[in-house]
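These are my notebook entries on a single chain and its bound ligand. I set down what I looked up, in the order in which I looked.

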Amino acid sequence: MARTPIIAGNWKMNNTVAAGVALVKELAPLVKDAKATVVVCPTATALAGVTEAVKGTNIAVGAQNVHWEKSGAYTGEISTDMLTELGVSYCVLGHSERRDYFGETNEGVNKRAHAAYAAGITPIICCGESLEIREAGTYLAYVAYQIEAALAGFEAADVAKLVIAYEPIWAIGTGKTATFEQAEEVCAHIRKTIEAKYGAAAAEGVRIQYGGSVKPATIAGLMEKPNVDGALVGGAALKAQDFAAIVNF
Ligand code: PEP
């Protein structure tokens, strides 16, 4: 079964409502014939405007996080109901910036992933090692552990529908893309880890993105790798022309 590639743009803390709407309006005609699933992930304040602006296009909208509780005293958090009401269908979870700056843990990522999936929102579960772990040579085991923890409690049939983003921290926002071989090595290891625990169908279905300074010039080489099914794009997702060039690899 061939997997449909998925290219997602993580806008991080960029773009007001007006800027986000303008960006997707410029992007829509440029990606209308894309073979890949196209996702943009605005900030929470821009979700309503952007979901409205992409109606009738092939652009899906993702949030940058979601809480596991339905409602309550969780200042600063957003629930799945708040996202589904807007038509948000993806959610980035466990991004390294959330883990490093806001103390998110594997356990929290797992809870968020279950809540999102149960609400019909496809989690894009991020994993990836620091430079220290890369240089220590323990990165495959580290990433495998992150994935096992994030997927705990999921059924094999559900794992097949998830999206994983392998994002080595040393390559995010640094301009330092992992080589195609480095990306493939870890994405293949993630798939093997999933196969060992959830079986061949889950491993064949799950889509695994690479993320970390992806640019128009690097996407084609990445996509030639058999275990790389797409990209999670930060900086280059903020310009319609660049993001479109990546989507239309
Ligand atoms: C990201 O934010 O997930 C990311 C990969 O950023 P960048 O493409 O800017 O490295």
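Entry 1, confidence. I began with the pLDDT of this predicted model; the chain has a mean of 97, and 100% of its residues reach 70 or more. I then asked where in the chain confidence is lowest and where it is highest. The lowest mean, 95, belongs to helix H6 (residues 131–136), and the highest, 99, to strand E2 (residues 37–41). I also noted an ipTM of 0.96 and a pTM of 0.97 for the model.

Entry 2, overall form. I recorded twelve helices and eight strands as the secondary structure of the chain. The radius of gyration is 17 Å, close to the 18 Å that the globule rule gives for 249 residues, so I regard the chain as being as compact as a globular protein of that length. Along the principal axes, I find that the C-alpha trace spans about 45 × 45 × 35 Å. I noted that 46% of the 249 residues count as buried. Of the contacts with a separation of 6 or more, 73% are between residues 24 or more positions apart.

Entry 3, annotated positions. I looked up which residues UniProt lists under "active site". The record, an unreviewed entry, gives His95 and Glu167. The two span 73 residues in sequence, yet their C-alpha atoms are no more than 8.4 Å apart, so I take them to gather at one spot.

I placed histidine 95 in the loop between strand E4 (90–93) and helix H4 (96–102). Histidine 95 is buried, because 28 other C-beta atoms lie within 10 Å and the cut-off for that class is 20 or more.

I placed glutamate 167 in the loop that runs from strand E6 (163–166) to helix H9 (180–198). Is glutamate 167 buried or exposed? With 30 C-beta neighbours inside 10 Å, glutamate 167 counts as buried. Setting aside neighbours within four places in sequence, I listed the contacts of glutamate 167 as Ser96, Cys126, Gly128, Ile172, Gly211, Gly212 and Leu232.

Entry 4, the ligand shell. I found 14 residues around the ligand, of which Ile172, Gly211, Ser213, Gly234 and Gly235 come nearest. Ile172 and Gly211 are also among the contacts of glutamate 167. By class, I recorded five nonpolar, seven polar and two charged residues in the shell.

Entry 5, backbone angles. I checked the loop between strand E1 (6–10) and helix H1 (17–31), where lysine 12 lies. Lysine 12 has a positive phi of about 50° although it is not a glycine. Asparagine 15 is in the loop between E1 and H1 as well, and there I read a positive phi of about 80°, again for a residue that is not a glycine. As to burial, lysine 12 is partly exposed, with 18 C-beta neighbours inside 10 Å, whereas asparagine 15 is buried, with 22 other C-beta atoms within 10 Å.

Entry 6, alanine 119. I located this residue in the loop between helix H5 (106–118) and strand E5 (122–127). Alanine 119 has 16 C-beta neighbours inside 10 Å and therefore counts as partly exposed. Neighbours within four places in sequence aside, I found alanine 119 in contact with Thr80 and Thr84. I also looked up its distance to serine 79: the two are 40 residues apart in sequence and 9.9 Å apart in space, C-alpha to C-alpha.

Definitions and conventions: Residues are numbered from 1 along each chain as its sequence is written. This is a predicted model: local features need pLDDT of at least 70, side-chain atom pairs count only at pLDDT 80 or more; totals for chains, interfaces and linings use all residues. UniProt positions are given in the numbering used here, feature names are shortened, and annotations may be inferred rather than shown by experiment. Helices (H or I, at least four residues) and strands (E, at least two) are DSSP runs, numbered from the N terminus. A residue is buried if 20 or more other C-beta atoms lie within 10 Å of its own, exposed if 12 or fewer, and partly exposed in between; C-beta atoms are placed from the backbone. Two residues are in contact if their C-beta atoms, placed from the backbone, lie within 7 Å. The radius of gyration is taken over C-alpha atoms; the globule rule is 2.2 Å times the number of residues to the power 0.38. A residue is near a molecule or strand if its C-beta atom, placed from the backbone, lies within 6 Å of it. Ala, Val, Leu, Ile, Met, Phe, Trp, Tyr, Cys and Pro count as nonpolar, Asp, Glu, Lys and Arg as charged, and the others, Gly among them, as polar. pLDDT is the predictor's confidence in each residue, from 0 to 100.
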